[in-house]
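Got your viewer open? Load the model below and we will make two stops, starting with a pair of helices and ending at a metal site.

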Amino acid sequence: MTQLIKTAEDIEGMRIAGKLAGEVLDYIGPYVKPGVSTGELDRLCHDYIVDVQGAIPAPLGYGGGGGRPPFPKSICTSVNHVICHGIPSDTKILKDGDALNIDVTVIKNGYHGDTSKMYVAGKPSILTERLIRVTQECMYRGIAAVRPGAHLGDIGAVIQKHAEANRYSVVRDFCGHGIGRVFHEEPQVLHYGQAGTGMELKAGMIFTIEPMINAGSYHTKVLPDGWTAVTKDHKLSAQWEHTILVTPTGVEVLTARTEEDLSFLNA
Ligand code: MF3
Ligand code: CO
Ligand code: CO
């Protein structure tokens with residue numbers, strides 16, 4: 001059993017873990033360049049999390065069972081048509097214009113902070129830039145829908161509306177999730193759906209919002225490695241993720257980075 005409403009002590013622990021996760025994304029940015037391998041980015045993040053932050057990379061060894069091997073690396077690196085859960089590799093070398101999602105989850109004092117962002121190696125195409133921007137807007141609109149008394153479906157509805165207004169599609173097969181001492185817990189946070197449906201939000205709930213938006217259709221395929229999720233049509237996919245807390249008056253982004261302007265929230 002996981003508790004949906006966190007205690008004050010849990011919330012303090014989640015603030016610390018969330019901040020550290022965001023700091024890893026800041027740290028790794030300057031290394032994302034043409035010529036670097038995703039395996040190298042994984043080693044850099046692993047060492048930063050363990051040696052500098054005194055934290056644990058949650059993906060390493062996570063989620064095995066039922067015929068699937070445990071995740072073998074410390075971060076997820078999802079390049080171009082990879083939607084999520086890309087496995088870092090020394091043979092995957094970034095080329096000019098590649099779009100990359102880095103998804104970091106750290107465990108600090110037993111609490112999880114989970115966040116991801118898009119990077120581009122070198123110079124993005126106009127199309128890549130637009131998908132990345134609209135996907136970030138989808139995440140921000142989802143976050144802005146969070147307040148006590150709102151419903152989970154309100155989040156999915158605003159995300160789906162914005163994605164489809166831009167002629168993109170919302171991935172159905174992966175969703176956001178409750179998070180705390182457990183990496184993935186209730187509730188499931190869908191990135192599509194209808195306003196007014198689903199669980200009512202209450203102050204003290206903590207969950208992720210992590211829309212995956214595709215340039216083509218939303219259909220997915222998982223590669224034989226058991227993890228790497230790709231677009232069936234091999235078109236581009238983007239994702240952004242934050243861990244958020246429902247506050248008595250609105251929302252707090254636990255994984256906020258210093259470069260981010262979140263002043264549009266709770267306004
Ligand atoms: N960080 C991912 C999420 O947002 C989960 C990664 S699980 C892993 O939920 F095993 F692939 F690392
Ligand atoms: Co997540
Ligand atoms: Co994540």
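Select helix α1 (residues 8–28) and helix α2 (residues 38–52): their axes come within 10 Å and cross at roughly 135 degrees. Helices here are DSSP runs of H or I of at least four residues, and strands are E runs of at least two. Axes are lines fitted to C-alpha atoms over the stretch in contact, with angles from 0 to 180 degrees between N-to-C directions. α1 and α2 are therefore oblique to each other, a label for angles that are not under 35, over 145 or 65 to 115 degrees.

This is a predicted model, with local features needing pLDDT of at least 70 and side-chain atom pairs pLDDT 80 or more, while totals for chains, interfaces and linings use all residues. Residues are numbered from 1 along each chain, chains are lettered from A and ligands numbered from 1 as written, and side-chain values use heavy atoms, without hydrogens and water.

Next, show the side chains of Glu23, Val24, Tyr27 and Ile28 in α1, which meet Leu41, Leu44, Cys45, Tyr48 and Ile49 in α2 (heavy atoms within 4.5 Å).

Now jump to the cobalt ion (ligand 2). Its protein donors are Asp114 (OD), His177 (NE2), Glu210 (OE) and Glu241 (OE), at 2.0 to 2.2 Å; donors are N, O and S atoms within 2.8 Å of the metal (3.2 Å for Na, K and Ca), and water is not among the atoms, so the site may look incomplete. Add the cobalt ion (ligand 3): Asp114 bridges the two ions, which lie 3.3 Å apart. Finally, colour His177 in strand β7 (residues 176–178) and Glu241 in the loop between β13 (237–239) and β14 (242–246); the pair ties together parts 64 residues apart in sequence.
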